[in-house]
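Reader: I should like to learn how to read several structural features in turn. Please give the general idea before each case.

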Amino acid sequence: MKSLNFVGLCLLLGMLVLEALTAEGFNYGDALDKTLMFFEAQRSGKLPANQRVKWRGDSGLKDGYLQGVNLVGGYYDAGDHVKFGLPMAYTVTMLAWGAIDFRKELTDVDQMGYALWSIGWGTDYFMKAHTQPNVLWAQVGDGDSDHYCWERAEDMTTPRTAYKLDQNHPGSDLAGETAAALAASAIAFKPYNSSHSNLLLLHAKQLFTFADRYRGLYDDSIQNAKQFYTSSGYSDELLWAAAWLYRATDDEYFLKYVVDNAVYMGGTGWGVKEFSWDNKYAGVQILLSQILLEGRGGAYTSTLKQYQAKANYFACACLQKNDGYNIHKTPGGLMYVREWNNLQYASAAAFLLAVYSDSLSAANAKLTCPEGQIPPQELLDFARSQADYFLGKNPKSMSYLVGYGPQYPIHVHHRGSSIASIFSLQSTVQCVQGFEAWYRRPEGNPNVINGALVGGPDQNDNFSDDRSNYEQTEPTLSGCAPLVGLFSKLQSVSGAAGNYHEKAPVPHPATPPSYHETRKTLPSKSQEAPVEFLHSITKTWTVGPTTYYRHRVMIKNKSEKPIKDVKLVIEGLTGSIWGLIPTQQRNTYELPSWQKVLQPGSECSFVYVQGGPQAKVTVQSYN
């Protein structure tokens, strides 16, 4: 009787906690911080010193070695250790979209640096994997052998086979999605690092051309991927990539592409009720609706309105205002698409409607549904309803975001989370041993994988927190990526403010150091930096396994006074340089004699060529 009373008391306390959370509103800032930490937990490769997820170690350091290519880095897909290209690229596209459309919101809660870090971890890998204009390494790891083992990433013994796409083995869907990811990331990085942005765009354009010219399904070329991430087609990815490239470049060629192919590729024909790593139509339609709402349709306005009609179909279906052709919802109010990892579809839809709500509001427009004109706030309300369901406002009073709230899944289907950290259990956990000693143990996971959105409940809101129940307890990259933009938006309208880092982070610039634009304030002259560096890449070519870049750096005097005798320090320079004179000091250069003085507003430039990342340019001194 006492135990029954205790259980009843616990249930009552849980209900009271949920009611309190619901009454006060959820802490979306805390949810955002944890979500970004999930991407740190999924990192493959050499981990940085300021990694916040301390139970993870280096892994996959020889990825690509047998194929003679460096494929170290990127992200593990879910609770396994395969680097699947299609969902990873979609993940980066969604992270970048959040950083673009909710830039102010992310900056206000001091999360833009971590957001760009999560994007850059993916794009750095994609650029490594894009070894030639028509070659993209699309996957590392074998899904079958990987899933037969339960071991930490740091202990991996399974084959790390790498698979590539090329002219004879096309993959328009995967190459197109990777082009979209790089184009969107170029926009996200542009305010902080123009040179890095240009480099991303260069790869994006080449990959789009490859995807469009050599058409085919990636899983026909890489049979190993078919049973894990089967592609339903590539037309949506081609439209998606072109739309992102138009947004990144304003090049009319890409807008004309989506208009000319609107019917043939289904962009204005398909009315859909899901958005995911496989089906991008709703994303394309809302992205192009944004261009229309911004008044940039021009001669293409008529076709863009057809795209918007399909965007409205998706939004109206989510709001149950689509003349009966609506999404299915669970009794608890969750969007339900399919049994396996359903929350990924709900998170993606919620993000899209948050984006579309903002665009409609900015244009002073309403959503046109069969059941009337709908104010933008109702779209945001739907997005909030799904986010609140994830965080605990559901029949189970369960937060499906691990680490958030008083009750969340503790038997997450995730190898690294379920096995003691390499730093506490230094002996190797072998393939079968992991199943016997860790997979089947009834206790909760020893490592909390903060920010992991698990697969979630079934169509009746039922959920079983069981490690073997991978359909419900396994998190994925693609499920978590839309949450970054979604939570940042909801935090901005919730009325709360402040920094939500779980621990005070190591001070970091607006972007992680490796992506930060070289624009320095010079010492003890004035608060406003008189010199600005503008980087660009003017040419690229490949010799054997190495890609070389021609970098042009403009030096501009932003002040109202002449400056002279400028000395520059250039770190990380491995190639030749033109336009500067080396001094006797190491890595230090000065301007040529005919450019000793930079007049107000005047510019000069220098050029260097090298493979790998750009050099770092700073000012040592000037008069």
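Author: We begin with burial: a residue is buried under 20% relative accessible area, exposed over 50%, and partly exposed in between, using a 1.4 Å probe and protein chains only. This is a predicted model, in which local features need pLDDT of at least 70 and side-chain atom pairs count only at pLDDT 80 or more, while totals for chains, interfaces and linings use all residues. Residues are numbered from 1 along each chain as its sequence is written, and side-chain values use heavy atoms, with hydrogens and water left out.

Reader: Is D461 buried or exposed?

Author: D461 has a relative accessible area of 3%, so it is buried. Helices (H or I, at least four residues) and strands (E, at least two) are DSSP runs numbered from the N terminus. In those terms, D461 sits in the loop between α17 (431-439) and α18 (470-473).

Reader: What should one note about the phi of D461?

Author: Most residues other than glycine have a negative phi. In D461, a residue other than glycine, phi is positive, near 70°. D565 also has a positive phi, near 55°. D565 belongs to the loop between β10 (563-564) and β11 (567-571), and its relative accessibility of 35% makes it partly exposed.

Reader: How many salt bridges does the structure hold?

Author: A salt bridge is a side-chain nitrogen of Lys or Arg within 4 Å of a carboxyl oxygen of Asp or Glu. The structure holds 21 of them. One of these joins K280 to E177, at 2.8 Å from N to O. K280 lies in the loop between α11 (252-260) and α12 (281-293) and E177 in helix α7, so this pair ties together parts 103 residues apart in sequence. K280 is buried, at 0% relative accessibility, and E177 is likewise buried at 0%.

Reader: Where does E177 lie, and what span should helix α7 have?

Author: E177 lies in helix α7. The expected span of a helix is 1.5 Å times one less than its number of residues. For the 18 residues of α7 (residues 172-189) this gives 26 Å, and the end C-alpha atoms are 25 Å apart, which agrees. Because 18 of the 18 residues of α7 are buried, the helix is largely enclosed by the rest of the structure.

Reader: What separates the partners K256 and D260 within helix α11?

Author: An α-helix has 3.6 residues a turn, so residues three or four places apart point the same way. K256 and D260 are four residues apart in helix α11, which means a separation of about one helical turn. Their salt bridge has its closest N and O atoms 2.6 Å apart. K256 is partly exposed at 40% relative accessibility, as is D260 with a relative accessible area of 48%. Elsewhere, salt bridges that share partners join D33, E40 and R52 into one network.

Reader: Which residues line the largest cavity?

Author: On a 1 Å grid over the protein atoms alone, a cavity is a set of points where a 1.4 Å probe fits but cannot get out, and lining residues have an atom within 4 Å of a point. Grid points are joined across faces, edges and corners, and a volume is the space filled by probe spheres set on the points. The structure holds three cavities of 30 Å³ or more, and the largest contains about 60 Å³ of space. Its lining consists of A41, Q42, R56, Y76, A78, D80, H81, A153, H414 and G416.

Reader: How do the residues of this lining divide?

Author: Ala, Val, Leu, Ile, Met, Phe, Trp, Tyr, Cys and Pro count as nonpolar, Asp, Glu, Lys and Arg as charged, and the others, Gly among them, as polar. The lining of the largest cavity accordingly has four nonpolar, four polar and two charged residues.

How values were computed: 1 Å grid on protein atoms, 1.4 Å probe; cavity = no way out; pocket = protein on both sides within 12 Å on 5 of 7 lines; lining within 4 Å.
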